[in-house]
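Hi everyone, thanks for coming. Please bring the structure up on your screens, and we'll walk through it together.

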Amino acid sequence: MRNLVYFLIISALIVLVGQFQSWNLALSILNLCIISAIMALGVNIQWGYAGLFNVGIMGFAALGGLAAMLISMPPVREAWSAGGLGIAGGIVALILTVLCAVFSYRKMRGTRFRTLIVVLVSVVGYFVLRSFFDPASDAIEKVNPASSGYLGGLGLPILLAWPVGGVLAGAAAWVVGKITLGLRADYLAIATLGISEIIVAMLKNEDWMTRGVKNVVGLPRPVPYEINLQQSDWFIQLAARLQTDPVTFSSIFVKICYAGLFGVVLLLVLYLSEKALRSPWGRMMRAIRDNEVSSEAMGKDVKARHLQVFVLGSMVVGIAGAMLTTLDGQLTPSSYQPLRFTFLIWVMVIVGGSGNNWGAILGGFVIWFFWIESEPMGIWLMNTLTSQMDSGSALRAHLIDSAQHMRLMTMGLILLLTLRFSPRGLIPEKNAHH
Amino acid sequence: MELLNALALLSNYVLVPALAYGSQLALGALGVTLVFGILRFSNFAHGDTMAFGTMVTILFTWWFQSMGIHLGPLPTALLAMPFGILFCAAYVLATDRLVYRFYRSKRSDPVIYLIASVGVMFVTNGIVRFIIGPDDQNFADGERFIIKAGEFKKLTGLSEGVSIKLSQGITVITMFIVVALLFWFLNKTRSGKSMRAYSDNEDLALLSGINPDRVVAITWILAAALATIAGTLYGLDKSFKPFTYFQLLLPIFAAAIVGGLGNPLGAIAGGFVIAFSEIMITYAYKRVIAYLVPGDWVPDGLIQLLSTDYKFAVSFVILLLVLLVRPNGIFKGTGV
């Protein structure tokens with residue numbers, strides 16, 4: 001009952017934004033709320049079900065974004081003929097190197113030179129790989145650097161990118177998890193922090209793949225374009241029947257289409273998560289979370305289950321990341337900021353209620369809503385507070401300029417206060433035995 | 001001669017910067033490792049604590065400069081640093097009182113501390129950006145160089161110069177002084193011994209009458225001092241930007257883990273391991289090779305193993321390797 005009220009309040013808030021600011025804004029808030037809710041669901045799978053602390057959400061979301069670009073953009077033929085072969089050779093060399101290193105690591109167990117051999121294999125492999133990559137990426141980046149200078153993508157429908165983004169993120173999670181799970185919780189946290197920094201550095205610097213900071217713009221959309229809508233008869237008639245201006249209505253219509261697509265994904269992920277949570281698997285996960293030692297004594301493979309849940313959660317984050325890039329219509333590597341992507345999602349999960357999927361969704365909606373709306377509120381607050389000061393005062397100007405940084409502080413405070421006074425969040429986990 | 005030139009080149013671009021950077025990382029990692037040894041969690045707020053201490057130092061530096069107080073050839077920031085430490089310690093103790101103490105009294109899981117430290121990180125980051133802004137701040141004054149490349153060339157007759165910035169010299173010297181003081185404190189004083197005892201075996205320490213609140217408070221003060229010193233030295237050497245300090249978290253954690261979390265000696269070693277690997281792997285060796293081999297053997301490329309954009313990848317890979325091979329770090333990571 002109380003939960004329903006929470007959801008009604010947040011829906012009412014979004015409707016209020018629609019009434020008083022604009023419906024366009026309200027719908028874009030709604031769309032990002034849904035994406036945030038999916039990311040929060042992914043993190044909740046890791047943290048709420050298994051107690052794993054992932055500080056690399058940004059990286060997994062960025063991999064999803066990369067997938068959206070790689071799947072949907074049309075391939076650049078000249079770039080492929082200039083350096084496609086070299087890149088392919090580099091990738092083959094990379095795979096061979098990893099296989100050789102793993103093989104020698106496995107086969108030489110117990111011998112004295114194992115570490116030396118593995119390092120040697122990796123170093124030689126690295127040089128072979130670079131000898132393929134370097135000329136190829138130079139050649140690719142020289143092809144029309146102003147407009148392309150990268151390989152492009154596969155030219156497939158962008159909706160296909162959502163599951164692919166999940167797979168990419170899951171693969172990265174598998175590598176990190178394989179190494180750090182089973183050690184202290186701190187190590188997983190630090191390793192995920194590291195991998196996310198590296199993934200974003202790659203997106204920013206591997207121009208042959210992502211155009212780097214030049215951004216890839218104009219990703220194909222899964223929904224109609226405003227301009228086409230405005231020119232089609234049925235749409236003009238619909239707008240006339242609703243007595244709205246077709247131009248404004250077209251952008252609202254597009255956002256509604258997105259909201260529908262995202263809503264379907266949200267419901268699907270929620271359904272699967274709830275099913276999993278209520279299944280024997282979900283009970284086992286919670287048992288492991290609450291007492292690892294006794295679950296291990298019951299014959300559960302704790303490390304394997306942790307790896308499984310870590311990969312699953314990261315996949316959900318990757319899907320949400322691909323959706324976000326689809327909505328933006330562009331891949332902008334510099335937009336991946338840890339505070340925005342990693343830590344904000346954590347605030348959502350903690351505030352919403354860790355271990356409860358509905359809580360994660362509510363957290364996603366509430367926190368994203370306030371994150372967006374707190375900026376105008378903060379500036380308004382600062383203006384009011386400083387209204388007594390001299391209008392030319394430097395301090396006043398500084399305070400008003402700094403209002404945006406209040407958001408960080410507020411989010412930190414919300415996190416700390418929730419953790420302290422209401423650690424179970426807005427919608428607590430059902431039958432939690434804490 | 002050619003060999004000496006190559007050595008000079010390497011010293012200028014690898015040895016000297018890595019020594020300075022390594023000292024900064026070592027000081028940062030010492031703070032992380034101390035907090036870990038006593039409070040048993042990895043403090044994600046450490047990077048931003050560094051930024052906070054540095055920010056106070058910068059504000060005092062500006063104040064001193066405006067009053068005309070200078071240290072002659074040395075940067076004014078050294079004079080302001082004690083005030084930075086003071087404010088930073090007060091701030092960190094306040095966060096302990098308001099945030100961590102509650103979880104200590106409940107004996108919460110380490111991962112809860114971890115999340116709480118993320119919250120503290122957020123708030124500290126907000127405060128720093130609020131007060132000093134998110135942009136680059138330059139606060140170094142005094143002399144710029146101990147020895148300039150030109151002077152070195154004239155002195156030795158080599159065609160490659162070695163320049164040592166004053167900030168690099170100060171960094172290394174300060175690191176030695178601070179580490180000496182820290183080890184004296186941990187090994188010789190009563191408080192230091194009680195800290196080590198608490199870290200080795202908390203229950204036994206409590207039984208023998210060690211006051212846990214006192215140990216924790218001392219730890220936080222030490223961590224704040226180390227963070228401020230590391231942050232100020234880094235800021236003098238490069239420049240101060242709040243986001244850079246957040247990004248320093250990764251190499252600092254890597255240094256602490258490589259050396260073994262909770263082990264101060266290991267943290268210092270780890271700091272230098274990370275710094276030297278990072279700089280050696282991202283340095284372009286073309287000109288060094290040009291001195292060592294005959295002219296027509298010189299390769300076309302830069303001979304750079306990894307572009308500097310990926311310097312974080314170096315600390316990350318070292319971190320993963322250590323976790324794979326020796327999960328407890330090079331030195332055994334228990335106790336302070």
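Let's begin with a question: at roughly what angle do the axes of helix α7 (residues 190–200) of chain B and helix α9 (residues 212–237) of chain B cross? Keep it in mind while you look, and remember that this is a predicted model.

Here is the answer. The two axes cross at roughly 105 degrees, and they come within 10 Å of one another. Angles from 65 to 115 degrees count as roughly perpendicular, and therefore α7(B) and α9(B) are roughly perpendicular to each other. If you want to find where they touch, look on the α7(B) side for S191(B), S194(B), M195(B) and Y198(B). From α9(B), the partners are P212(B), V215(B), I218(B) and T219(B). Sorted by character, the residues of this contact are five nonpolar and three polar, with no charged ones.

Now let's zoom out to the whole of chain B. Its elements are 14 helices and two strands. How does its radius of gyration sit with the globule rule? The value is 21 Å, and the rule gives 20 Å for 336 residues, which is close, so chain B is as compact as a globular protein of that length. Along the principal axes, the C-alpha trace of chain B spans about 70 × 55 × 35 Å. Of its 336 residues, 47% count as buried. And if you take contacts in chain B between residues at least 6 apart in sequence, 77% of them join residues at least 24 apart.

On to chain A. Here you can find 18 helices and two strands. The radius of gyration of chain A is 24 Å, close to the 22 Å from the globule rule for 434 residues, so chain A too is as compact as a globular protein of its length. Its C-alpha atoms fill a box of roughly 75 × 60 × 55 Å along the principal axes. In chain A, 44% of the 434 residues count as buried. Of the contacts in chain A with a separation of 6 or more, 82% come from residues 24 or more positions apart.

Chain A can also be divided up. Which stretches make its domains? Domain 1 takes in 2–75 + 152–421, and domain 2 is 76–151. Notice that domain 1 is written as two stretches, with the numbers of domain 2 falling between them. The centres of these two domains, taken over C-alpha atoms, are 32 Å apart. Where they touch, domain 1 of chain A gives seven residues and domain 2 of chain A gives 13 residues. The domain 1 side of that contact divides into three nonpolar, two polar and two charged residues.

While we are in chain A, let's stop at a loop. Most residues other than glycine have a negative phi. Now look at R211(A), which is not a glycine and yet has a positive phi of about 65 degrees. R211(A) sits in the loop between α8 (207–210) and β1 (216–217) of chain A. Is R211(A) buried or exposed? A residue needs 20 or more other C-beta atoms within 10 Å to count as buried, and R211(A) has 24, so R211(A) is buried. N215(A) is in the loop between α8 and β1 of chain A as well, and N215(A) also has a positive phi of about 65 degrees without being a glycine. With 15 other C-beta atoms within 10 Å, though, N215(A) is partly exposed.

Finally, let's see the two chains meet. How many residues of each chain take part? The contact joins 34 residues of chain B to 35 residues of chain A. On the chain B side, α3 (77–106), α4 (110–132), α11 (249–259) and α14 (311–325) each supply at least two residues. The largest share is from α4(B), with 14 residues. By character, this side of chain B has 27 nonpolar, five polar and two charged residues.

One residue to finish with is V99(B), in helix α3 of chain B. Leaving out residues up to four places away in sequence, V99(B) touches L416(A) from the other chain, and A116(B) and V120(B) from its own. V99(B) has 19 C-beta neighbours inside 10 Å, so V99(B) counts as partly exposed. For a sense of distance, pick out T76(B): T76(B) and V99(B) are 23 residues apart along the chain, and their C-alpha atoms are separated by 34 Å.

That's my tour. Thanks for listening!

Definitions and conventions
Residues numbered from 1 in each chain as written. Chains lettered and ligands numbered in written order. Predicted model: local features only at pLDDT ≥ 70, side-chain atom pairs only at ≥ 80, totals over all residues. Helix = DSSP H or I, 4+ residues; strand = E, 2+ residues; numbered from the N terminus. Rg over C-alpha atoms; globule rule 2.2 N^0.38 Å. Buried ≥ 20, exposed ≤ 12 C-beta atoms within 10 Å, placed from the backbone. Contact = placed C-beta atoms within 7 Å. Nonpolar A, V, L, I, M, F, W, Y, C, P; charged D, E, K, R; others polar. Axes fitted to C-alpha atoms, helices over the stretch in contact; angles between N-to-C directions. Parallel < 35°, antiparallel > 145°, perpendicular 65-115°, else oblique. Domains from an automatic or database assignment.
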